[in-house]
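Here are my notes for someone opening this model for the first time. Have a look at it, then read on point by point.

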Amino acid sequence: MNILLQHNAILPVNQYGGTERVVWWLGKYLSQLGHNVTFLVKEGSTSSFAKIIPYNENRPLDEQIPDDIDMVHLNQKPQEYIRKPFVVTQHGNSSQLDSLHHNTVFVSKNHAERHGGEAFVYNGIDFDDYGKPDLNLPRKHLHFLAKAAWRVKNVKGAIEISKRSHHKLIVMGGTRLNLKMGFRFTPDLHVRFHGMIGGEEKLSILNQSKALLFPVLWHEPFGLAIVESLYMGSAVFGTTYGSLPELIHPEVGFLSNHKHEWVEQLKNVDHFSPKNCHEYAQDIFSARTMAEKYVTYYETVLAGKPLNFQTPKALENYPKFLPFSE
């Protein structure tokens, strides 16, 4: 199959970029499965396993799709007619005002159900990029991994919980002084900030962490930080919103919307097995499995069948911030 993956970004990314890394890994493993992959991405992208076509934002997307392409995979709803068969991955939440394409693929079962859809594929990670973690390393701290300036990710909640439970916290994705969203300064000295990091520095922090604190205040569509943390042997503490109940079971983490329950459970955080966390991520969230599942959806579309029984659309508009209470 000749498959075109379109995303308005430079690939590969070196540091932060969840969607970009998923698109890259998908292309890599589609290629390993024997398909011919083309990336339609920003100029400056390179690849050893796929053809690169520079994406021009000023030209119609349809004009940039080669004639020999069998399947187009988009990462945002097209705003124009596309002559080739295509699927669209919906990475984020939408509002009731947005009508999505019937060939939309969501990133978790909950994500699909909240839009009246059925088709979903879990994001998978490329284990080659992470290496084999040392599951016997001492675990010294907790960590937060997300864009800290984005309030639904709730870095304030993570800082409060770590302080009350007497754990050191490393924040990846934010800084102590943040002026982007107004004046925000974090005085707590039990917290260390590492900004937007990747590579060996990030992996070392994950490999020495007892748990990811993920107190999100919205219905999380998926949460790549969850999979990365589990793979490196960290348990996951999260709220019960969105995809989290289907991704996290009691052997690898804890879910609650109440702060005092988090504090109590963190007293026993060392009972989680890094080996169990790592093996669970390895079994469920591989990039190869992701690619295989997308291929089944490509074949469905090529057979002239829709991926969802009805046109997906958000079934309701949720509050801006869901509760995380005492």
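1. In what order do the six strands of the open sheet come? The order is β3-β2-β1-β4-β5-β6, and the pairing is parallel. Here strands are DSSP runs of E with at least two residues, helices are runs of H or I with at least four residues, and both are numbered from the N terminus. Two strands pair if DSSP finds at least two bridges between them. β3 (51-54) and β6 stand at the edges with a single partner strand each, so one side of each has no neighbour in the sheet.

2. A word on where this comes from: it is a predicted model, in which local features need pLDDT of at least 70 and side-chain atom pairs count only at pLDDT 80 or more, while totals for chains, interfaces and linings use all residues. Residues are numbered from 1 along each chain as its sequence is written, and side-chain values use heavy atoms, with hydrogens and water left out.

3. Follow the sheet through its pairs. β1 (residues 2-6) and β2 (residues 36-41) are joined in parallel by five bridges, with Ile3 opposite Val37 in β2. β4 (residues 71-74) runs parallel to β5 and shares three bridges with that strand; His73 has Val87 in β5 as its bridge partner. Between β5 and β6 (residues 104-105) there are two bridges, again parallel, and Val88 is partnered by Thr104.

4. β5 (residues 86-89) is worth a closer look. Phe86 and Val88 point one way, Val87 and Thr89 the other, and all are buried, meaning under 20% relative accessible area (exposed is over 50%, partly exposed in between; 1.4 Å probe, protein chains only). In a regular strand, side chains alternate between the two faces of the sheet.

5. Now the helices on the sheet. α1 (residues 18-32) lies across β1, β2 and β4 and runs at about 160° to β2. Angles run from 0 to 180 degrees between N-to-C directions, with axes being lines fitted to C-alpha atoms, for helices over the stretch in contact; contact means heavy atoms within 4.5 Å. α9 (residues 287-302) packs on the sheet too, touching β1, β4, β5 and β6, and its direction makes about 125° with that of β4.

6. Which charged residues pair up? One pair is Lys28 and Asp126, a salt bridge whose closest N and O atoms are 2.7 Å apart. The definition used is a side-chain nitrogen of Lys or Arg within 4 Å of a carboxyl oxygen of Asp or Glu. Lys28 sits in α1 and Asp126 in the loop between α2 (109-113) and β7, 98 residues apart, and both are buried. The whole structure has 15 salt bridges.

7. Another salt bridge joins Glu228 to Lys202, at 2.9 Å between the closest N and O atoms. Glu228 is in α5 and Lys202 in α4 (residues 199-207). Glu228 counts as buried because its relative accessibility is 2%, and Lys202 does so at 8%. In α5 (residues 224-231), eight of its eight residues are buried.

8. Last, is Thr239 buried or exposed? Thr239 counts as buried, because its relative accessibility is 0%. You'll find Thr239 in the loop between β13 (235-238) and α6 (244-247). Leaving out residues up to four places away in sequence, Thr239 touches several others, including Phe214, Trp262 and Phe324. A polar atom of the Thr239 side chain lies 2.8 Å from the backbone oxygen of Val216.

Terms used. A polar contact is a pair of N or O atoms within 3.5 Å; within protein, one must be able to donate a hydrogen and the other to accept it, and residues adjacent in sequence count only if both atoms are side-chain atoms.
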